[in-house]
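Let's take a stroll through this protein together. Have a look at the model first, and then we'll go from the parts to the whole.

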Amino acid sequence: MSDSDMNPAATPTPMPDTQGDGRWMSLHEHFVADCKDKEPEVLFVGDSNVQLLHQLEIWRELFSPLHALNFGGCGDGTQHVLWRLENGELEHLKPKIIVLWVGTYNQGHSAEQIAGGIQAIARCIQRRQPQAKIVIVSLLPRGKNPNPLRDRNRQVNELLKELLLAVPNSMLLDIDPGFVHTDGTISHNDMFDYLHLSRFGYSRVCQILHRTLLQLLEGKETPTEQ
């Protein structure tokens, strides 16, 4: 499914203010303000996986030296990230690379809808930032044991391999270092709640991502396989 009104995951939608404190919109407004006085070479956009990364030492060690800016939202689905990017978060910036990591928090959407939502975001980025290379981070497995949402994430990754062929300057990056053990389980040492990465889990995936960003910044159009 492509980015159309028939796909709720590809329809720009602000996050409902269910808590009543306006946090999500306030964060969006903060990002829009950052666009006016920041000059990042690498822009990270996405959900809580991106947001939490910014709070860790590994962000300062690996990504701050790359002049990276973090626009990670809390629990965003693809439709929420698409709304943010279409409402000011790509203005005034000219990054060389945009990293997109979103999709696992989509609720009630099929793999086809989520993949279509990610494709819609990638197309939005390509239209608004044609100079940027777009790195779409693969969805990670989730849950201690095999489950339908883990299967859904795997299907999204498979669908994206074809959908992203239609988006210039985009690539899908598999950052899973092997979180699922031979018995089908995921360790709490990698994902402390079997969804969010631990510090150790982040260190494993960030090494893969960091190598890829360095290769792209050095001008290599097609990074070597990890």
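Helices here are DSSP runs of H or I with at least four residues, strands are runs of E with at least two, and both are numbered from the N terminus. What you're looking at is a predicted model, where local features need pLDDT of at least 70, side-chain atom pairs count only at pLDDT 80 or more, and totals for chains, interfaces and linings use all residues. Residues are numbered from 1 along each chain as its sequence is written, and side-chain values use heavy atoms, with hydrogens and water left out.

So what's in there? The protein has 7 helices and 5 strands, and along the sequence they come in the order α-β-α-α-β-α-β-α-β-α-β-α.

Pick out helix α5, residues 111-128. The expected span of a helix is 1.5 Å times one less than its number of residues, so the 18 residues of α5 should cover 26 Å, and the end C-alpha atoms are indeed 26 Å apart. Of those 18 residues, 13 are buried, so α5 is largely enclosed by the rest of the structure. Buried means under 20% relative accessible area, with a 1.4 Å probe and protein chains only.

Now zoom out. Across the protein, 53% of the 226 residues are buried. The C-alpha atoms fill a box of roughly 50 × 40 × 35 Å along the principal axes. Contacts (heavy atoms within 4.5 Å) reach far along the chain: among those with a separation of 6 or more, 77% join residues 24 or more positions apart.

Terms used: Buried < 20%, exposed > 50% of the residue type's maximum accessible area, 1.4 Å probe, protein only.
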